[in-house]
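Work through the exercises below with the sequence and the model side by side. Try each task before reading its solution.

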Amino acid sequence: MVETKVSSKEKRGFYVKMRLLHTKNGRAQEKSCFFKYYKWFLWLSLSLYLFSSYFITNNNPPNKPTSLTKTRVSNAKTILASRALFESTNASHLQESTNDQGLLKDLKIFVYELPPNYNTDWLSNDRCTKHLFASEVAIHRALLNSDVRTFDPYEAHFFFVPVYVSCNFSIINGFPAIGHARTLISSAIQLISSQYPFWNRTQGSDHVFVASHDYGACFHAMEDVAVADGIPGFLKNSIILQTFGVKYKHPCQEVENVLIPPYIPPESVRTTLENFPVTGRRNIFVFFRGKMEVHPKNISGRFYSKRVRTVIWRKFNSDRRFYLRRHRFAGYQSEIVRSVFCLCPLGWAPWSPRLVESVVLGCVPVIIADGIRLPFPSAVNWAEISLTVAERDVDKLGTILEHVAATNLSTIQKNLWDQRNRRALLFHNQVQEGDATWQVLLSLAGKMDRSYESSSRASRVSS
């Protein structure tokens with residue numbers, strides 16, 4: 001063992017000493033010339049490093065932002081906040097958000113103040129703000145508090161006509177009855193066209209209405225009647241926000257329209273996710289709760305769901321992989337959030353609220369409705385978060401879903417659980433960046449060519 005004694009002088013400074021010990025015939029070898037001067041080389045390198053670090057640090061701008069990935073924060077709450085911010089945001093999303101804000105910067109919407117019998121009188125029934133057609137109420141409320149609202153109609157690009165037509169609930173079955181819708185909307189148009197000049201100057205092309213029920217602008221729940229009646233003549237020039245949309249030619253969408261999702265109360269979603277996290281345990285493989293006819297025909301003589309739900313019930317009711325229930329249950333969202341796949345078959349119309357409920361609660365939607373057009377495709381990448389099964393293949397559901405579960409389920413779920421999807425499909429009483437009303441406003445901003453104000457401004461510039 002070789003003991004090295006360090007003098008007090010050597011202890012006072014930053015001391016580096018390297019010693020090569022080599023024993024040959026029991027005698028220590030003399031240090032080579034290289035190692036004799038090696039310590040001076042280390043001194044020089046270390047000094048240059050410290051000087052460079054000090055120079056770079058002190059020449060950086062004092063408020064220059066630091067990457068979240070390289071920041072260490074000792075406070076636990078700050079760590080969680082930073083992590084949430086980093087995980088939910090990426091460069092492309094920030095760029096999209098900036099672009100969206102630019103599109104909405106100059107958008108102006110005038111909201112007509114109609115007598116209460118056209119809208120707020122219907123709110124005496126609490127269901128009016130919560131049922132699947134309640135987007136007509138939510139959009140109206142959000143616009144009243146929105147930055148895009150203008151009180152000067154002469155600077156408005158669009159005019160919103162707040163008429164609630166889906167709050168007239170049937171005393172027989174409790175479902176919304178919209179037989180009065182055409183008359184009520186016609187009356188509202190007569191009122192605004194007699195008191196304001198804005199409808200008449202464009203024949204309503206820059207006026208916006210909500211038609212949140214089954215066949216949208218046709219204002220009837222049964223397709224054959226809706227098609228026979230067609231879109232009311234007084235609405236054919238306007239913009240309709242409607243839940244009904246298909247990829248093929250259909251009389252009820254032959255009007256300028258924006259496809260919107262059905263309404264799901266955001267409060268109910270929030271409560272469910274507080275009790276059942278979206279990434280929690282999912283012990284139901286395939287879920288459906290709703291109307292499932294035992295016979296191909298219901299009592300009205302019309303084929304419900306084009307027999308799709310009947311086939312599902314008959315084929316998979318005894319299959320342990322399928323959790324199928326025909327009766328209503330108030331806590332059904334707790335079943336969705338525990339399910340891997342949620343069936344979204346057509347009913348009378350191709351869409352259903354299950355589309356939204358599945359996405360916002362993290363259950364992969366299995367869409368069974370040929371030719372359906374889905375809302376806000378620029379915000380929700382449906383191809384990456386859902387499955388589409390042809391109506392004719394419904395009896396193969398078991399095989400199809402087992403294959404997906406064994407191959408790319410985790411990828412679909414990762415895409416699905418992105419909170420931007422949930423945000424884009426939920427309406428709130430105040431516009432939130434990226435939410436459903438925000439998406440409606442973006443769609444309207446893309447239709448500026450229909451605006452009298454935009455056309456007039458363009459004419460003034462060209463002249």
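The exercises cover the cysteines, one strand and one histidine.

The model is predicted: local features need pLDDT of at least 70 and side-chain atom pairs count only at pLDDT 80 or more, while totals for chains, interfaces and linings use all residues. Residues are numbered from 1 along each chain as its sequence is written, and side-chain values use heavy atoms, with hydrogens and water left out.

**Exercise 1.** Find how many disulfides there are, and give their pairing in sequence order.

Solution. Take a disulfide as a pair of cysteine sulfur atoms within 2.5 Å. That rule yields three disulfides. The sulfur atoms of Cys-128 and Cys-167 are 1.7 Å apart; those of Cys-218 and Cys-252 are 2.2 Å apart; those of Cys-342 and Cys-363 are 2.2 Å apart. With the bonded cysteines numbered in sequence order, the pairing reads 1-2, 3-4, 5-6.

**Exercise 2.** State the handedness of the disulfide of Cys-342 and Cys-363, and locate both residues.

Solution. The torsion about the S-S bond is about 110 degrees, so this disulfide is right-handed. Cys-342 sits in strand β10, and Cys-363 in the loop between α12 and β11, 21 residues apart. Helices (H or I, at least four residues) and strands (E, at least two) are DSSP runs, numbered from the N terminus. Both cysteines are buried, that is, under 20% relative accessible area with a 1.4 Å probe, protein chains only (exposed is over 50%, partly exposed in between).

**Exercise 3.** Explain why Cys-344 has no bond to Cys-342.

Solution. The closest cysteine sulfur to that of Cys-344 is in Cys-342, 6.6 Å away, which is too far for a bond. Cys-344 counts as buried, at 2% relative accessibility.

**Exercise 4.** Identify the strands that pair with β8 (residues 284–289).

Solution. Strands pair if DSSP finds at least two bridges between them. β8 runs parallel to β10 (residues 339–345), joined by three bridges; there, Val-286 has Phe-341 as its bridge partner. Four bridges pair β8 with β9 (residues 322–325), also in the parallel sense, and Phe-287 stands opposite Tyr-323. Five of the six residues of β8 are buried, so the strand is largely enclosed by the rest of the structure.

**Exercise 5.** Describe the surroundings of His-428.

Solution. His-428 lies in the loop between α16 (419–424) and α17. Its relative accessible area is 13%, so His-428 is buried. Its side chain makes a polar contact of 3.1 Å with that of Asp-435. A polar contact is a pair of N or O atoms within 3.5 Å; within protein, one must be able to donate a hydrogen and the other to accept it, and residues adjacent in sequence count only if both atoms are side-chain atoms.
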